[in-house]
Amino acid sequence: MLLTLWDDDSPHFELYKRGINAFAEFSWGGLKRSKEEFKKAYRHRKFRPRFQSEDYAFIDALDKPVGVWTNLLVEEGIHRNSLNQRENPIEEHIIDLPDFDNKGAWSEKYAERLAKLEAQRKIVEKVQNTLQQIQTEGTKADYNLKVYNQVGNLVDYNF
Amino acid sequence: METLNTFDIAQTDTQEADALETLNEMKAEFNQVRAKFEEVYSQTRILNKPEGYILDQDHHRHPANQSVNFDWQFTSELMLLQKIDNHFKTRSVLMEGTKTQME
């Protein structure tokens with residue numbers, strides 16, 4: 001079996017680790033375990049047996065907030081990865097800023113985005129608490145958690 | 001986003017001034033977030049490409065090949081901060097001595 005990893009966004013390699021383990025599990029072990037069982041086993045082996053429960057499922061929890069973060073600061077229909085290849089990206093493709101003379105218009109324009117962000121902010125906060133708890137109690141995968149921590153911090157800054 | 005929203009919905013001069021002050025601090029806060037991010041990532045990743053490195057010349061949009069340093073990870077953050085700087089600085093010059101200023 002050969003596994004190749006492709007991703008245009010170049011995330012840190014630590015963020016691929018669970019996927020690599022899943023590949024090994026399902027290619028060598030067949031479908032003996034469900035996805036949820038695999039994730040539980042991964043938490044058990046990667047972090048420590050005491051962190052196997054759903055309460056520590058911070059990797060899945062980060063999916064949506066990171067999804068919102070990706071294009072949070074750019075206009076609808078634009079991907080952040082394309083900014084450097086566009087003309088006048090700051091003026092035309094980065095979100096507008098509040099107008100001193102038309103207060104309230106900005107919040108109205110971005111209301112949907114702000115609402116989405118509000119829901120995700122709580123999830124990021126919970127993820128950060130979970131990471132801190134695991135780190136405080138101790139795990140052999142400390143560096144892996146530090147990388148997830150930084151992802152959470154960057155998302156939180158944008159929110 | 002939250003700070004921009006706070007500024008936009010500010011009802012009084014004091015609320016507006018507070019929001020502007022927070023906006024003014026966003027660049028410094030970003031620099032702190034980025035420094036920590038780089039400290040962790042750089043333990044296992046080379047963040048700066050060697051001198052003379054030629055970035056992608058084709059149409060692909062792989063961000064990691066869009067800058068020789070680690071700017072590519074923060075493209076939209078850096079652009080927004082630049083926009084905020086231009087937007088509020090211009091306004092503060094226009095309104096100098098008449099209203100809350102950014103600097």
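Let's start at E36(A), which is exposed in this predicted model: 11 other C-beta atoms lie within 10 Å of its own, and a residue counts as exposed at 12 or fewer. E36(A) belongs to helix α2 of chain A, which covers residues 35–46. From there to T136(A) is a step of 100 residues along the chain, and the C-alpha atoms of the two are separated by 25 Å.

Next, the meeting of the two chains. Here 34 residues of chain A are in contact with 31 residues of chain B. Four helices of chain A each supply at least two residues of the side that touches chain B:

| Helix of chain A | Residues |
|---|---|
| α4 | 89–92 |
| α5 | 105–109 |
| α6 | 111–137 |
| α7 | 142–158 |

The largest share of that side of chain A, 7 residues, comes from α7(A). By class, the side of chain A that touches chain B has 18 nonpolar residues, along with 11 polar and 5 charged ones.

So what does α7(A) itself look like? This helix has 17 residues and reaches 25 Å from its first C-alpha to its last, close to the 24 Å expected at 1.5 Å a residue. Its buried residues are V147(A), Y148(A), V151(A), G152(A), L154(A), V155(A) and N158(A). Why do these buried residues sit on the same side of α7(A)? They cover an arc of only 160 degrees around the axis, and that places them on one side of the helix. An α-helix has 3.6 residues a turn, so residues three or four places apart point the same way. On the other side of α7(A), D142(A) and Y143(A) are exposed.

Methods:
Residues are numbered from 1 along each chain as its sequence is written. Chains are lettered from A and ligands numbered from 1 in the order in which they are written. This is a predicted model: local features need pLDDT of at least 70, side-chain atom pairs count only at pLDDT 80 or more; totals for chains, interfaces and linings use all residues. Two residues are in contact if their C-beta atoms, placed from the backbone, lie within 7 Å. Ala, Val, Leu, Ile, Met, Phe, Trp, Tyr, Cys and Pro count as nonpolar, Asp, Glu, Lys and Arg as charged, and the others, Gly among them, as polar. A residue is buried if 20 or more other C-beta atoms lie within 10 Å of its own, exposed if 12 or fewer, and partly exposed in between; C-beta atoms are placed from the backbone. The expected span of a helix is 1.5 Å times one less than its number of residues. The arc is that of the directions from the helix axis to the C-beta atoms.
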